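Grab a pencil and work through these exercises with the model open beside you. Each task is followed by a worked solution.

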Amino acid sequence: MVEVYICQLPKEKSQVKLGELLLKVPKERQKHIRRFYHLDDAYRTIIGDYLLDHVLKQRTGKTLKEITLKRNAYGKPYLPDYPFIQFNISHSGKYVVCAVHNQDVGIDIEEIQTFDLLLAKQLFTVDEYQMIRNSNDRNHTCYEIWTMKESYTKAVGKGLVIPLDAIRIRKHVGNLMEVGSSHEKELVTNFICKQYAIHTDYKLTVCARMTGGNMFLEHPIEMYFDQMC
């Protein structure tokens, strides 16, 4: 079962509170987070770590500080000692999300802003670009397609090394989406995506390796910053 955890940034943030939060994450993560110039960016990153810490304590009884975390050749983090716990984190605006599965999984959340149509023409397939042009809300459609594609590239562990115009994603049923190759015109039958409606100003998509049956929880699991931290 694919689980999605979601947490909002607190309204009140401070360097003092951030310093307290950093004590619960590994030292290399502390150094990484302290490099952020904007406080919001540091909070988004630390909340992602806390979401992962929550998952690890539930499933292993250990904290993030007690578990080895490595990255593959493309930068995707993984847990070498717990291969049955696959995860991916994304954040945008006021939200931080974490997807967890026992197989490959990727997640992407984006705050909807003005999307450059010239960029969309370069990044998306001809059919997708035409769909955007015909849409009543082009920005929403652009980010819908973007999160679908990026969640897949993160699920396979290669990120944007995979050109976005090499992937085509088609809506199916129940907010599920099929992944395909735009060049070979074939479906990627071992992955499927699901989109969650969390806010009118955001798009959220998770993509996971198929294991059969009803793979996705119906709604994200909401976590509260004050309780979690």
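**Exercise 1.** How near do the axes of helix α5 and helix α6 come, and at what angle do they cross?

*Solution.* First, a word on what you're looking at: this is a predicted model, where local features need pLDDT of at least 70, side-chain atom pairs count only at pLDDT 80 or more, and totals for chains, interfaces and linings use all residues. Residues are numbered from 1 along each chain as its sequence is written, and side-chain values use heavy atoms, leaving out hydrogens and water.

Step 1: find helix α5 (residues 126-133) and helix α6 (residues 138-155); helices are DSSP runs of H or I, at least four residues, numbered from the N terminus. Step 2: their axes come within 8 Å and cross at roughly 150 degrees. Axes here are lines fitted to C-alpha atoms over the stretch in contact, with angles from 0 to 180 degrees between N-to-C directions. Step 3: α5 is therefore roughly antiparallel to α6, a label for angles over 145 degrees.

**Exercise 2.** Which residues of α5 and α6 meet?

*Solution.* On the α5 side, pick out E128, M131, I132 and R133. Their partners in α6 are R138, T141, C142, I145 and K149. Contact means heavy atoms within 4.5 Å. Now sort them by class: four are nonpolar, one is polar and four are charged.

**Exercise 3.** What span should helix α3 have, and what are its end C-alpha atoms apart?

*Solution.* Take the 22 residues of α3 (residues 39-60) at 1.5 Å a residue, and you should get 32 Å. The rule is 1.5 Å times one less than the number of residues. Next, check the model: the end C-alpha atoms are 31 Å apart, which agrees. Just after α3, G61 takes a positive phi of about 80 degrees.

Note on methods
Helices (H or I, at least four residues) and strands (E, at least two) are DSSP runs, numbered from the N terminus. Angles under 35 degrees count as roughly parallel, over 145 as roughly antiparallel, 65 to 115 as roughly perpendicular and the rest as oblique. Ala, Val, Leu, Ile, Met, Phe, Trp, Tyr, Cys and Pro count as nonpolar, Asp, Glu, Lys and Arg as charged, and the others, Gly among them, as polar.
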